[in-house]
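Good morning, and thank you for joining. I would like to take you through one structure, beginning with its sheets and then turning to its cysteines and one of its pockets.

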Amino acid sequence: MTTLLYKAAGDIRGDDILPLSQLRVHYPDLYELHFKKYADRPHGVNAPVYPLDCTWADVVFLSPVHPAPIFEAMHESGRIGPVVVDYWTLDADLLDPANTCILLKRHDPELRPQPVEDFIPYTPEAAAALSTPSEQALHRLRNLNAIEPLYPWADIPHILHRGPIPVTAFRTAAGDPVTA
């Protein structure tokens with residue numbers, strides 16, 4: 001059975017999904033749009049990704065967890081309305097383990113950078129084993145208070161890939177090829 005990884009659908013240009021550091025060079029307007037996510041923690045883009053010998057800005061982020069249960073839990077909290085999540089999928093077998101790792105996220109806003117022991121080697125099997133969100137993560141999202149920041153992926157494992165990923169590797173939620 002194919003293990004899928006998930007990425008939020010978005011504005012793309014060119015032939016590759018680029019990490020933030022490369023967006024800055026090639027598409028400054030997209031860089032500014034994506035960098036806004038780090039407005040309250042700009043130093044976060046310089047956090048080390050130890051196994052890949054790079055920084056947070058040098059990786060493309062994917063999730064082994066389907067986004068639907070995450071956003072359903074946030075909706076249950078009353079913080080967001082009903083959401084139709086637009087995402088792309090990627091076959092986990094397409095990523096080179098030498099350029100990819102898994103970050104086991106623990107929701108701890110003060111935990112910066114992520115400890116080295118939270119990074120584990122990437123395999124499609126390891127990604128498949130992490131494809132169900134933890135009850136702790138869903139509980140946190142279901143119980144967000146009115147002023148708590150909305151960090152849907154705060155305690156969801158991340159698949160981190162150093163460098164670009166070809167757009168042709170991705171499929172829409174309906175299974176169609178993604179086009180630039």
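Let me begin with an open sheet of four strands, ordered β5-β9-β7-β8, in which the pairing is antiparallel. Strands here are DSSP runs of E with at least two residues, numbered from the N terminus, and two strands pair if DSSP finds at least two bridges between them. The edges are held by β5 (59-62) and β8 (119-121); each has a single partner strand, so one side of each is left without a neighbour in the sheet. On average, neighbouring strands of this sheet are turned by 35 degrees against each other, direction ignored; the axes behind that angle are lines fitted to C-alpha atoms.

Before I continue, a word on the basis of these statements. This is a predicted model, in which local features need pLDDT of at least 70 and side-chain atom pairs count only at pLDDT 80 or more, while totals for chains, interfaces and linings use all residues. Residues are numbered from 1 along each chain as its sequence is written, and side-chain values use heavy atoms, with hydrogens and water left out.

Within the four-stranded sheet, β7 (residues 100-103) and β9 (residues 158-162) run antiparallel and are joined by four bridges. Thr100 has His161 of β9 opposite it.

There is also an open sheet of three strands, in the order β1-β6-β11, again with antiparallel pairing. Its edge strands, β1 (4-8) and β11 (170-172), each pair on one side only. Here too, neighbouring strands are turned by 35 degrees against each other on average, direction ignored. Strand β6 (residues 87-91) is joined to β11 by three bridges, and Leu90 has Phe170 as its bridge partner in β11.

I turn now to the cysteines. How many disulfides does a search of the whole structure find? The search finds zero, a disulfide being a pair of cysteine sulfur atoms within 2.5 Å. For Cys54, the nearest cysteine sulfur is that of Cys101, 7.4 Å away. Cys54 counts as buried at 10% relative accessibility, and Cys101 is buried as well, with a relative accessible area of 1%; buried means under 20% relative accessible area, with a 1.4 Å probe and protein chains only.

Finally, by class, the lining of the second largest pocket has five nonpolar, four polar and three charged residues. On a 1 Å grid over the protein atoms alone, a pocket is an open set of points where a 1.4 Å probe fits, with protein on both sides within 12 Å along at least five of seven lines, and lining residues have an atom within 4 Å of a point.

Terms used:
Axes fitted to C-alpha atoms, helices over the stretch in contact; angles between N-to-C directions. Buried < 20%, exposed > 50% of the residue type's maximum accessible area, 1.4 Å probe, protein only. Nonpolar A, V, L, I, M, F, W, Y, C, P; charged D, E, K, R; others polar.
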